[in-house]
Amino acid sequence: MGLRYGHPHEAGMCETRIAKLEALQQDWVDRGVSPIIVSLIARKGIIVSHKLYVDPEYDKTYGPMKLDTIFQLASISKPVTATGIMVLAEEGKVAVALPVQDYIPEFAGEKKENVLIHHLLTHTSGIDENNIWSSISSGEAGIDMDRCPDNQQPDIYKYVTAGYQAPLSFFPGTEMNYCGYGFTLLTEVIRRVTGRSFQDFMAERIFQPLGMKDTTFIVPPDQYPRVAKHPPNAPFPRFAEYENLTKPWGGSGLCSTAYDMAVFCQTFLNQGLYDDFRLLSKLGVQKMTMNQVPGVSSRLGDEFFKEASWGYGWNVSGTKQDYTGTLRSERTFSHSGRGNTQIMVDPDNELIAINFQVTMKRINNRPYHNFEYFNDAALSAIVE
């Protein structure tokens with residue numbers, strides 16, 4: 001099954017409620033919550049809403065923006081990178097249950113032999129990114145840039161190498177501490193196992209076969225006008241810099257459109273298949289989207305979750321109270337990205353909800369994202 005455009009009633013959804021959801025997003029733009037939003041709702045493979053909402057002043061300054069606007073997806077990169085690891089696992093080239101040291105012997109130090117690929121995928125490795133940045137800024141890392149491989153980006157080589165000797169902050173598997181460095185390590189595993197650059201592997205094995213023509217870790221300069229810009233006064237000004245479009249960070253560098261990411265999500269909803277291309281096995285999808293850390297707690301900013309509920313690269317909703325809202329099923333899996341962007345898949349309700357925006361201010365003093373409102377409004381439109 002692929003995606004196609006259709007009427008809400010074909011997907012068992014209420015046309016009136018979809019219209020209200022679209023009006024809600026236009027209101028957010030009118031109120032200055034976000035100057036640009038592109039969203040997509042699909043159920044049972046039928047796209048019932050795919051809209052662009054843009055402030056005229058923003059469009060005049062940065063546009064014209066279109067439905068195929070490219071967004072910097074930040075942490076949504078993580079489930080995509082995790083998919084690359086699972087592709088290799090299904091080919092018998094990477095084993096999730098084996099130590100990182102099997103692939104990167106330089107990743108050494110006390111208790112480091114206990115860090116598995118599994119721990120990187122679930123943010124339970126014990127790696128403290130503050131230690132890594134400290135070693136870089138102090139010069140203690142002692143990195144020889146002359147040894148940077150031809151198929152590795154220099155800044156990423158510097159960062160990943162700096163973490164090889166950094167100490168762990170807790171024993172692997174005992175708690176969840178969100179860690180972007182773990183996904184940079186995963187890109188290095190992919191590079192070493194395949195002999196290909198990370199970005200080339202992902203394009204050849206995932207994006208191109210799925211027809212995700214606007215998805216990349218390195219945006220060509222001629223496509224820069226299509227990228228949603230974050231104004232200098234936005235909460236995340238670094239997204240206004242073109243530099244973020246040129247480095248293949250596995251945990252934060254992905255750029256894509258709402259439609260392309262809907263294809264990616266539909267592939268998971270189809271248990272690894274899109275049209276005639278099988279990306280993953282049914283079992284691979286099940287493992288990636290189930291809670292892989294039962295009984296493990298987590299803290300993210302001011303939020304504490306007694307049950308972290310995390311899959312391989314994916315946030316698994318479970319019984320958590322989080323940005324996925326109230327109406328979604330417990331098997332829902334998702335990811336959000338700083339900036340703010342979100343993809344969500346509810347397999348029980350056969351729904352995909354995608355919302356990409358450039359957030360400028362809070363709603364009701366809540367954190368910058370407003371995905372709880374969007375997701376519940378989308379799910380409430382299901383009538384059969």
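Where is Asn 270 found? In this predicted model, Asn 270 belongs to the loop between α9 (258–269) and β6 (273–274). Being in a loop doesn't put this residue out in the open here: Asn 270 is buried, because its relative accessible area is 16% and the cut-off for buried is under 20%. Asn 270 can also be set against Gln 199: the two are 71 residues apart in sequence, and their C-alpha atoms are 25 Å apart in space.

Gln 271 is also found in the loop between α9 and β6. Its backbone has a quirk, since phi of Gln 271 is near 60 degrees, a positive value in a residue other than glycine. With a relative accessible area of 32%, Gln 271 is partly exposed, whereas Asn 270 is buried.

Another positive phi turns up at Ser 309, where the angle is about 50 degrees although the residue is not a glycine. Ser 309 sits in the loop between β9 (303–305) and β10 (315–316). How accessible is Ser 309, buried or exposed? The relative accessibility of Ser 309 is 4%, so this residue counts as buried.

The backbone also has cis peptide bonds to look at. One of them joins Gly 63 and Pro 64, with omega at about 5 degrees. Pro 64 is in the loop between α2 (56–62) and β4. A cis peptide bond also joins Gly 339 and Asn 340, and here omega is about 25 degrees. Asn 340 has its place in the loop between β11 (333–337) and β12 (341–346).

Strand β4 (residues 71–74) is home to Gln 72. Gln 72 has a relative accessible area of 8%, so it is buried. What does Gln 72 touch, once residues up to four places away in sequence are not counted? The list runs through Val 227, Ala 228, Phe 239, Asn 244, Leu 245, Leu 254, Cys 255 and Thr 341.

Next comes helix α3 (residues 77–90), which includes Glu 90. Glu 90 has 36% relative accessibility and therefore counts as partly exposed. Leaving aside neighbours within four places in sequence, Glu 90 is in contact with Leu 279, Leu 280, Ser 281 and Gly 284. Glu 90 and Met 212 are 122 residues apart in sequence, and the C-alpha to C-alpha distance between them is 22 Å.

Helix α3 also meets helix α7. The axes of these two helices come within 10 Å and cross at roughly 35 degrees, and the crossing is left-handed. On the α3 side, the residues that take part are Lys 78, Thr 81, Ala 82, Gly 84, Ile 85 and Leu 88. Their partners in α7 are Gly 180, Phe 183, Leu 186, Thr 187, Val 189, Ile 190, Val 193 and Thr 194. Sorted by type, the residues of this contact between α3 and α7 come out as eight nonpolar, five polar and one charged.

How do α5 and α6 cross? Their axes come within 9 Å, and the angle between them is roughly 115 degrees. This crossing of α5 and α6 is right-handed, whereas that of α3 and α7 is left-handed. From α5, the residues Glu 129, Ile 132, Trp 133, Ser 135 and Ile 136 meet Lys 158, Tyr 159 and Ala 162 from α6. The residues of the contact of α5 with α6 split into five nonpolar, one polar and two charged.

Helices α5, α6 and α7 come up again at the second largest pocket. Rolling a probe the size of a water molecule over the atoms shows where empty space is left. For the second largest pocket, that space comes to about 350 Å³. Which helices each supply at least two residues of its lining? Those are α5 (129–138), α6 (154–162) and α7 (180–194). The lining of the second largest pocket has 19 residues, and Glu 106, Ile 143, Tyr 157, Thr 161 and Tyr 164 lie nearest the centre. The residues of this lining are a mix of eight nonpolar, five polar and six charged.

Terms used
Residues numbered from 1 in each chain as written. Predicted model: local features only at pLDDT ≥ 70, side-chain atom pairs only at ≥ 80, totals over all residues. Heavy atoms only, no water. 1 Å grid on protein atoms, 1.4 Å probe; cavity = no way out; pocket = protein on both sides within 12 Å on 5 of 7 lines; lining within 4 Å. Points joined across faces, edges and corners; volume = space filled by probe spheres on them. Helix = DSSP H or I, 4+ residues; strand = E, 2+ residues; numbered from the N terminus. Nonpolar A, V, L, I, M, F, W, Y, C, P; charged D, E, K, R; others polar. Axes fitted to C-alpha atoms, helices over the stretch in contact; angles between N-to-C directions. Left-handed = near helix turned anticlockwise from the far one by under 90°. Contact = heavy atoms within 4.5 Å. Buried < 20%, exposed > 50% of the residue type's maximum accessible area, 1.4 Å probe, protein only.
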